Amino acid sequence: MQISQAEMEKRIVRYGELKPCRTAFIDAHTPGSNQKENFTIIGGGVSESADQHVHIKDTPGFNIGAAGQPPKCRNSLHSHRTAEVFFVLKGRWRFFWGRWGNAGEVVLEEGDIFNIPTGIFRGFENIGTDYGMIMAILGGDDAGGGVIWAPQVIEDAKDHGLVLGENGKLYDSKKGQSLPDGIKPMPLLTDDELKTFPETPVRDVVRDYVARYWDLMALAGKEPARVIGENALLRDKPGFEVELLTRGSIPEAPYAVDRHEVLMVMRGHWRLTWDGGESILAPGDTCAVPPGLRHALAPSMTGEASLYRVVSTADKAGPTWKA
């Protein structure tokens, strides 16, 4: 298999070329959440806005996205039907969960990764001093079909002009929009439905779903650190596996895999070579390597170097699994 330089460049999304959407979700006008930016890098993700730009439309069984927020900006409480994995690219972030967001919280630093369990309400906030960015992996080609909002989020949004239709699309009364004929508002979850959303204890979340960057770097010194997978540090089968690579994790010789492989650079610069070309990947860049392509990967300069490698599996995307 051979791919030209131009073809491969279409499969690389550069951090500096990411196009944000500031009206991606129902809380886009709600004070405290109205400065957040959503990015869809591979696949349409779970954005509710027609204004969302999608960089690479074809999905490998999962979606790649990102959220960018200034200090003190938060993402409102919501839930997912499939995996939602975040790693912190820039800044310091507080993740919180539970019906009212007070069941527990954890603070993540740069490089830390969080496989948030499906079926719990979760939110996140930039608690750093500068604009922050978290990179996301969402399970399934359709990313679970959208998010499930805590009732208070939908109710608060009405006061600021945004209505979510039962079709999963946003309508902004500030722009003169209204629900189309035949489309009802998204119904609020009932009390019985809300009882099915667990209040997961902090000890379980930190133990089973959080991995710290410098621990992973230590594990990756001579082989890839297995982060998420059936037999990985964070045991799950979300339809993909995640590894952390650093200098010395893999040989510099070319290799090929028969599955989709996505490279997400955390630190340093990495040289990617293949039959047909070469490219340098920088922090925040995302590259979708097609199945069967022989390629080689190695840091291109001295200093700290790390990247997360995501590979598709035959597992069906769905609720969090743990042996």
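Which side chain meets that of Arg22 in a salt bridge? In this predicted model, the partner of Arg22 is Glu37, with an N to O distance of 2.6 Å.

## The Arg22 and Glu37 pair

The salt bridge between Arg22 and Glu37 links distant parts of the chain, since Arg22 belongs to the loop between β1 and β2 (37–42), whereas Glu37 is in strand β2, 15 residues apart. The two residues also differ in burial class: Arg22 has a relative accessible area of 52% and is therefore exposed, the threshold for that class being over 50%. Glu37, by contrast, counts as buried because its relative accessibility is 12%, which falls under the 20% limit.

## Other salt bridges

Across the whole structure, a search finds 20 salt bridges. One of them is formed by Arg122 and Glu84, whose closest N and O atoms are 2.6 Å apart. Arg122 is in strand β10 and Glu84 is in strand β6 (residues 84–90), so this salt bridge ties together parts of the chain that are 38 residues apart in sequence. Both partners, Arg122 and Glu84, are buried.

A further salt bridge joins the side chains of Glu105 and Arg94, at 2.9 Å from N to O. Because Glu105 lies in strand β8 (residues 104–108) and Arg94 in strand β7 (residues 93–97), the pair ties together parts that are eleven residues apart in sequence. Glu105 counts as partly exposed, with a relative accessibility of 42%, while Arg94, at 14%, counts as buried. Glu105 and Arg94 also belong to a network of salt bridges in which they are linked with Arg74 and Glu125.

## The seven-stranded sheet

Seven strands make up an open sheet with mixed pairing, and their order across the sheet is β1-β22-β19-β24-β18-β16-β17. The edges are formed by β1 (12–13) and β17 (234–235), each of which has a single partner strand, so that one side of each is left without a neighbour in the sheet.

Within this order, β24 stands next to β18. Strand β18 (residues 240–246) and strand β24 (residues 306–312) run antiparallel and are joined by seven bridges. In this pairing, Leu244 has Tyr308 of β24 as its bridge partner.

## Thr246 in strand β18

Thr246 is a residue of strand β18, and its relative accessible area of 10% places it in the buried class. The side chain of Thr246 reaches the backbone oxygen of Ala305 at a distance of 2.6 Å. When residues up to four places away in sequence are not counted, Thr246 touches Met217, Ala220, Gly221, Trp270, Ala305 and Ser306, so that Ala305 appears both in this contact list and as the residue whose backbone oxygen the Thr246 side chain reaches.

## Helix α2 and its cover

Helix α2 spans residues 151–158, and its buried residues are Pro151, Gln152, Val153, Ile154 and Ala157. The elements that cover these buried residues include the strands β5 (74–79), β12 (148–149) and β13 (162–164), together with helix α3 (191–194).

## Aromatic pairs and charges over rings

The count of aromatic pairs comes to eleven. Among them is the pair of Phe86 and Phe95, which is tilted, with 5.8 Å from centre to centre and 40 degrees between the planes. Both Phe86 and Phe95 are buried, and both are members of one aromatic cluster that is formed by Phe86, Trp93, Phe95, Trp97, Phe114 and Phe124.

The aromatic pair of Phe121 and Phe197 is stacked, with 4.4 Å between the ring centres and 15 degrees between the planes. Phe121 lies in the loop between β9 (113–116) and β10 (122–126), and Phe197 in the loop between α3 and α4 (202–209), so the pair ties together parts that are 76 residues apart in sequence. As with the tilted pair, both members, here Phe121 and Phe197, are buried. Charged side chains are also placed over aromatic rings: Arg99 lies over the face of Trp100, at 4.0 Å from the ring centre, and the charged end of Lys237 sits over the ring of Trp321, 4.7 Å from its centre.

Conventions. Residues numbered from 1 in each chain as written. Predicted model: local features only at pLDDT ≥ 70, side-chain atom pairs only at ≥ 80, totals over all residues. Heavy atoms only, no water. Pairing = 2+ DSSP bridges. Helix = DSSP H or I, 4+ residues; strand = E, 2+ residues; numbered from the N terminus. Buried < 20%, exposed > 50% of the residue type's maximum accessible area, 1.4 Å probe, protein only. Contact = heavy atoms within 4.5 Å. Polar contact = N/O pair within 3.5 Å; in protein donor to acceptor, adjacent residues only side chain to side chain. Phe/Tyr/Trp six-rings, centres within 6.5 Å; stacked < 30°, edge-to-face > 60°. Lys NZ or Arg CZ within 6 Å of the ring centre and 35° of its normal. Salt bridge = Lys/Arg side-chain N within 4 Å of Asp/Glu carboxyl O.
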